[in-house]
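Here are my notes from going through this one. Keep the viewer open beside you and find each spot as you read.

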Amino acid sequence: MAIKKEPICCPSCGKKGTWTPENSSRPFCSARCKLIDLSDWASEQHKIPGAPVIVEDNIATENVDDEHGEDKP
């Protein structure tokens, strides 16, 4: 049975390609386009809509007494 090669467009540059196991960068056309997309996420040019999440760094360590992780009384 032959594998059907689905046509796809690269999300970064729009170049047409195929979704095959040989294309290790899929759904992108190349490793370059894959890195461009990653860079856009890292620089916050791509965002998932929603309210911002506030992360508090001291939650995990505020009740720790020493380096062994024993809780304070």
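1. Let's begin with a residue that is easy to skip past. Asn-23 counts as buried, at 16% relative accessibility. Asn-23 has its place in the loop between β2 and α1, so being in a loop does not rule out being buried here, where the cut-off is under 20%. Leaving aside residues up to four places away in sequence, Asn-23 touches Thr-18, Phe-28 and Cys-29. Remember throughout that this is a predicted model.

2. Now look a little further along that loop. Ser-25 sits between β2 (16-19) and α1 (31-42) as well. Is Ser-25 buried or exposed? At 9% relative accessibility, Ser-25 counts as buried. With residues up to four places away in sequence left out, the residues that Ser-25 touches are Ser-30, Ala-31 and Lys-34.

3. One more stop in this loop, for the backbone. Arg-26 and Pro-27 are joined by a cis peptide bond, with omega at about 10°. Pro-27 is in the loop between β2 and α1. Click on that bond and look at it for yourself.

4. Time to step back to the whole chain. How many helices and strands are there? The protein chain has one helix and two strands, and from the N terminus on they run β-β-α. Of its 73 residues, 12% count as buried. The chain exposes about 6,700 Å², and carbon and sulfur atoms supply 55% of that. Among the contacts with a separation of 6 or more, 2% are between residues 24 or more positions apart.

5. Next, the strands. β1 (residues 6-9) pairs with β2 in the antiparallel sense, over four bridges. To see how they line up, find Cys-9, which stands opposite Lys-16 in β2. The two strands form a hairpin with six residues between them. In the turn, Gly-14 has a positive phi of about 85°.

6. On to the helix. α1 has twelve residues and reaches 16 Å from its first C-alpha to its last, close to the 16 Å expected at 1.5 Å a residue. Which residues of α1 are buried? They are Cys-33, Asp-37 and Asp-40. These cover an arc of only 55° around the axis, which puts them on the same side of α1. The spacing helps to explain this: an α-helix has 3.6 residues a turn, so residues three or four places apart point the same way. On the other side of α1, you will find Arg-32, Leu-35, Leu-38 and Ala-42 exposed.

7. Not every helix residue falls into one of those two groups. Ile-36 lies in helix α1 and is partly exposed, with a relative accessible area of 33%. Try a distance from here: the C-alpha atoms of Ile-36 and Cys-13 are 9.7 Å apart, and 23 residues separate the two along the chain.

8. What comes after the helix? α1 is followed by Glu-44, in the segment after α1. Glu-44 has a positive phi of about 60° although it is not a glycine. This residue is exposed, with a relative accessible area of 53%.

9. Last, the cysteines, where it pays to check distances. How many disulfides are there? The count comes to zero. Cys-13 is in no disulfide, and its nearest cysteine sulfur, that of Cys-29, is 3.7 Å away. The sulfur of Cys-33 is also 3.7 Å from its closest cysteine sulfur, in Cys-29, and that is too far for a bond. The reason is the cut-off: a disulfide needs the two sulfur atoms within 2.5 Å. As for their surroundings, Cys-13 is partly exposed, with a relative accessible area of 46%, whereas Cys-33 is buried, at 4%.

How values were computed:
Residues numbered from 1 in each chain as written. Predicted model: local features only at pLDDT ≥ 70, side-chain atom pairs only at ≥ 80, totals over all residues. Heavy atoms only, no water. Buried < 20%, exposed > 50% of the residue type's maximum accessible area, 1.4 Å probe, protein only. Contact = heavy atoms within 4.5 Å. Expected span 1.5 Å × (residues − 1). Arc of directions from axis to C-beta. Areas by Shrake-Rupley, 256 points an atom, 1.4 Å probe, with all protein chains shown as cover. Pairing = 2+ DSSP bridges.
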